[in-house]
Amino acid sequence: LVFLLVLLVSVVVTFILPESYASTARIKVGPDEPVQGATAYDPYFIQTTFEIIQSQLVLEPAIKALDLNTKWGKKYFNGETLKTTESLEILKQRLQLAPVRNTMLLAITVYSDDKNEAAQIANAIAACYRDYRFKSLQERLQSSLKTMQEAYQEQEYKIQQVQADLDKLPQLAITGN
């Protein structure tokens with residue numbers, strides 16, 4: 001009797017609940033700097049990556065790219081356009097991140113009542129994280145290039161100083177005889 005009651009309640013609840021879809025995008029992640037030796041392992045890398053993906057730096061561009069403020073406002077808030085912070089909170093509730101076991105992959109899973117929306121959001125988050133990493137790498141490379149150019153100019157100045165000193169040497173030798 002208890003078994004039938006539990007089964008009946010489960011079936012009724014299943015039909016009452018709204019449909020929910022999940023879509024997953026997988027991305028490959030790795031440390032920015034090449035790992036040298038066993039001591040260079042970063043045990044916090046995955047957690048740091050999760051926090052970056054869930055941050056405003058990555059999610060806000062995804063919200064803007066998909067115009068979720070307007071879409072979710074129409075869908076859930078009687079046509080009112082949401083603030084980005086409100087959409088950010090909704091998105092964080094629908095977002096789940098997980099490492100793929102024994103790989104350098106992360107699974108970005110998004111839940112929604114629309115399967116297409118879930119797929120679009122998961123893919124947009126993956127693309128925005130890729131763009132964030134690219135921009136970060138580009139900034140580091142620009143900084144390194146600037147440092148190298150400054151070092152080059154400093155060496156060039158030293159070479160000019162030595163060249164000027166060498167140019168004075170024949171004059172000293174001639175006047176010294």
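## The nonpolar core

Start with the middle of the fold: the largest nonpolar core has 29 residues, and Ile27, Ile53, Ile108, Ile121 and Ile125 touch the most other members. A nonpolar core here is a set of buried Ala, Val, Leu, Ile, Met, Phe, Trp, Tyr and Cys residues joined through side-chain atoms within 4.5 Å. Eight elements each supply at least two residues of this core: strand 1 (21–28), helix 2 (45–53), helix 3 (56–66), helix 4 (68–76), helix 5 (84–94), strand 2 (95–99), strand 3 (105–112) and helix 6 (115–176). Helix 6 gives the largest share, 7 residues. In soluble globular proteins, nonpolar side chains tend to be buried together.

Which residues does Ile121 touch, not counting those up to four places away in sequence? They are Leu66, Leu68, Trp72, Leu91 and Val110, where a contact means heavy atoms within 4.5 Å.

## What kind of model this is

This is a predicted model, in which local features need pLDDT of at least 70 and side-chain atom pairs count only at pLDDT 80 or more, while totals for chains, interfaces and linings use all residues. Residues are numbered from 1 along each chain as its sequence is written, and side-chain values use heavy atoms, with hydrogens and water left out.

## Overall layout

The protein chain has 6 helices and 3 strands, and they run in the order α-β-α-α-α-α-β-β-α along the sequence. Both kinds of element are DSSP runs numbered from the N terminus (helices are H or I with at least four residues, strands are E with at least two). The radius of gyration is 29 Å, well over the 16 Å that the globule rule gives for 177 residues, so the protein chain is more spread out than a compact globule. That radius is taken over C-alpha atoms, and the rule is 2.2 Å times the number of residues to the power 0.38. Put in a box along the principal axes, the C-alpha atoms fill roughly 120 × 45 × 20 Å.

Of the 177 residues, 25% count as buried. The cut-offs are under 20% relative accessible area for buried, over 50% for exposed, and partly exposed in between (1.4 Å probe, protein chains only). Take the contacts between residues at least 6 apart in sequence: 65% of them join residues at least 24 apart.

## Surface and charge

About 13,300 Å² of the protein chain is exposed, and carbon and sulfur atoms supply 58% of it. Those areas come from the Shrake-Rupley method with a 1.4 Å probe, and for residues only the protein chains shown count as cover.

On the charge side, there are 18 positive and 20 negative side chains, with the centres of the two sets 5 Å apart. Lys and Arg count as positive and Asp and Glu as negative, leaving out His and the chain ends. Each charge is placed at NZ of Lys, CZ of Arg, CG of Asp or CD of Glu.

## Two buried spots

Arg94 sits in helix 5. Is it buried or exposed? Arg94 is buried, at 16% relative accessible area. Setting aside residues up to four places away in sequence, Arg94 touches Trp72, Tyr76, Thr109, Val110, Tyr111, Ser112 and Glu117.

Gly30 belongs to the loop between strand 1 and helix 2 and is buried too, with a relative accessible area of 14%. Beyond its neighbours within four places in sequence, Gly30 contacts Phe45, Met104 and Arg133. Gly30 and Asp42 are 12 residues apart in sequence and 11 Å apart in space, C-alpha to C-alpha.

## Loops and turns

Pro43 is also in the loop between strand 1 and helix 2, but Pro43 counts as exposed at 52% relative accessibility. From Pro43 to Leu166 is 55 Å, C-alpha to C-alpha, with their positions 123 residues apart in sequence.

Two other loop residues have backbone angles worth a look. Asp67, in the loop between helix 3 and helix 4, has a positive phi of about 55° although it is not a glycine, and is partly exposed at 38%. Asn78, in the loop between helix 4 and helix 5, likewise has a positive phi of about 55° without being a glycine; Asn78 is exposed, at 77% relative accessible area.

## Out along the helices

Asp131 is in helix 6 and partly exposed, with 40% relative accessibility. Asp131 and Gln155 are 24 residues apart in sequence and 36 Å apart in space, C-alpha to C-alpha.

Val6 is part of helix 1 (residues 2–16) and partly exposed at 49%. Val6 and Phe77 are 71 residues apart in sequence, and their C-alpha atoms are 36 Å apart in space.
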